[in-house]
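This report covers the sheet of one protein model and the helices that pack on it. Look at the structure first, then read on.

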Amino acid sequence: MTTNTSPHIPYIKECLSLAEKSPPRPTNFRVGAVLLSRKDDDPTFTDDRILSTGYTMELAGNTHAEQCCFANYAAVHKVPDDKVGEVLPVEPGRKLVMYVTMEPCGKRLSGNAPCVQRITQTREGGREGVHKVYFGVKEPGTFVGESEGCRMLTQAGIEWEHVGGLEREILTVAFAGHENAREEVRAALGEKETNVDDISAEERKRQEALPRNPMKRMMDGDKHIYL
């Protein structure tokens, strides 16, 4: 995992800005994606070339960010979406990478092709396609259970890397429109709600010893102050 001081953070922030354009819905995550070409051995990314961007439901239908990103590129080059791999640039000394706020999905309930499948298809027929995927947070199990995106990318020979540091911001945007968005964010971050049953026996005893009458507590407080 990289940290929030890494040069990858600006791209994750760009993806987050794209995700904020997505309409809030209770049945999906708001996600943003950026596809770019990167020069080999360029740690500062000064020669990066952004090829396409996308965000959830940017295009008609229940479309995901990666899907829209590829579709936008395909439209510019006048090919069907499933042929985008045929028109992606292949240049010596450069590789294609994708940034996305959330781990690409490995399963979709709608029956549409999962985002991992769309990414791996760019490498069919021996093409170079997408070399690596960077994401800001793992896919929560809200809709399809445990995420499979990373495992599927690895099986396809595509590298991936988690860019940490913006998890709360990403999840807050992703869950917007969900009925229990705040609770879902906390659960995804592994946080627990405060539970009165979790207090220690000593704290419970102390609380039980406090006067129940608020006015009496105020008077006792005044007496303590002025005596």
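Two strands count as paired if DSSP finds at least two bridges between them. The model is predicted. In it, β3 and β4 pair in the parallel sense, over 6 bridges.

**The sheet**

The sheet is open and has 5 strands. Their order is β2-β1-β3-β4-β5, with mixed pairing. β2 (49-55) and β5 (159-162) are the edge strands; each has a single partner, so one side of each lacks a neighbour in the sheet. On average, neighbouring strands are turned by 20 degrees against each other, direction ignored.

**Strand β4**

β4 spans residues 130-137. Its pairing with β5 is parallel and runs over 4 bridges. Is β4 largely enclosed or left open by the rest of the structure? Buried means under 20% relative accessible area. Of the 8 residues of β4, 7 are buried, so the strand is largely enclosed by the rest of the structure.

Three residue pairs can be named along these strands:

| Residue | Opposite residue or bridge partner |
|---|---|
| Methionine 98 | Valine 133 in β4 |
| Tyrosine 134 | Glutamate 161 in β5 |
| Phenylalanine 135 | Histidine 162 in β5 |

**Helices on the sheet**

Which strands does helix α2 touch? Helix α2 (residues 65-76) packs on the sheet and touches β1 (32-39), β2, β3 (94-102) and β4. Its direction makes about 130 degrees with that of β2. Helix α5 (residues 167-174) lies across β3, β4 and β5. Helix α5 runs at about 90 degrees to β4.

Terms used:
Residues numbered from 1 in each chain as written. Predicted model: local features only at pLDDT ≥ 70, side-chain atom pairs only at ≥ 80, totals over all residues. Heavy atoms only, no water. Helix = DSSP H or I, 4+ residues; strand = E, 2+ residues; numbered from the N terminus. Axes fitted to C-alpha atoms, helices over the stretch in contact; angles between N-to-C directions. Contact = heavy atoms within 4.5 Å. Buried < 20%, exposed > 50% of the residue type's maximum accessible area, 1.4 Å probe, protein only.
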